[in-house]
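User: I would like to learn how to read the features of a strand-rich chain, one at a time. Could we work through an example together?

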Amino acid sequence: MISGEKAPLENSIIIRGLLVPVDWDEEGNITEIAVSTYFEEEYLIEKNARGEEMLPFLRQKVKVIGLVRMNDSGRRVVRVEEFEVIEE
């Protein structure tokens, strides 16, 4: 499956890519993470409990199933329903 392909859950998509930090606070703590896809698209991870569970997997390849919306800045944000680390 490729980035943006429809997932089995209604209105969800599957995103595959590298989990990366994209924003930090003044003390250097990560405040925002995203999936950077193989097609150079970036999906911010919604800040919630499921998103927090992904923090230990930074800089690893992941598959995410979730709902995507656009934020006020016009960036894609995914509410993660499921995720897994991709072993290669």
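User: Is Leu 55 buried, partly exposed or exposed?

Analyst: A word on the source comes before the case: this is a predicted model, in which local features need pLDDT of at least 70 and side-chain atom pairs count only at pLDDT 80 or more, while totals for chains, interfaces and linings use all residues. Residues are numbered from 1 along each chain as its sequence is written, and side-chain values use heavy atoms, with hydrogens and water left out. Buried means under 20% relative accessible area, exposed over 50%, and partly exposed in between (1.4 Å probe, protein chains only). Leu 55 has a relative accessible area of 32%, and therefore counts as partly exposed. Leu 55 is placed in the loop between helix H1 (49–53) and strand E5 (61–70), where helices (H or I, at least four residues) and strands (E, at least two) are DSSP runs numbered from the N terminus.

User: Which residues form a nonpolar patch with Leu 55 on the surface?

Analyst: Patches are made of residues with over 30% relative accessible area and no salt bridge, like charges being joined within 9 Å and nonpolar side chains (Val, Leu, Ile, Met, Phe, Trp, Tyr) within 5 Å. A salt bridge, in turn, is a side-chain nitrogen of Lys or Arg within 4 Å of a carboxyl oxygen of Asp or Glu. Here Leu 55 is joined by Trp 24 and Ile 30, and together the three have about 260 Å² of accessible area, by the Shrake-Rupley method with a 1.4 Å probe, only the protein chains shown counting as cover for residues.

User: How many bridges join strand E2 to E5, and how many join E2 to E3?

Analyst: Two strands pair if DSSP finds at least two bridges between them. Strand E2 (residues 13–24) runs antiparallel to E5 with six bridges, and Ile 15 stands opposite Val 64 there. With strand E3 (residues 30–37), E2 pairs in the antiparallel sense over seven bridges, Asp 23 having Glu 32 as its bridge partner. E2 and E3 form a hairpin with five residues between them, and Gly 28 in the turn has a positive phi of about 90°.

User: Why does Val 77 count as buried?

Analyst: Val 77, in strand E6 (residues 76–85), counts as buried because its relative accessibility is 6%. Its C-alpha lies 9.5 Å from that of Lys 47, although the two are 30 residues apart in sequence. Over the chain of 88 residues, buried residues make up 34%.
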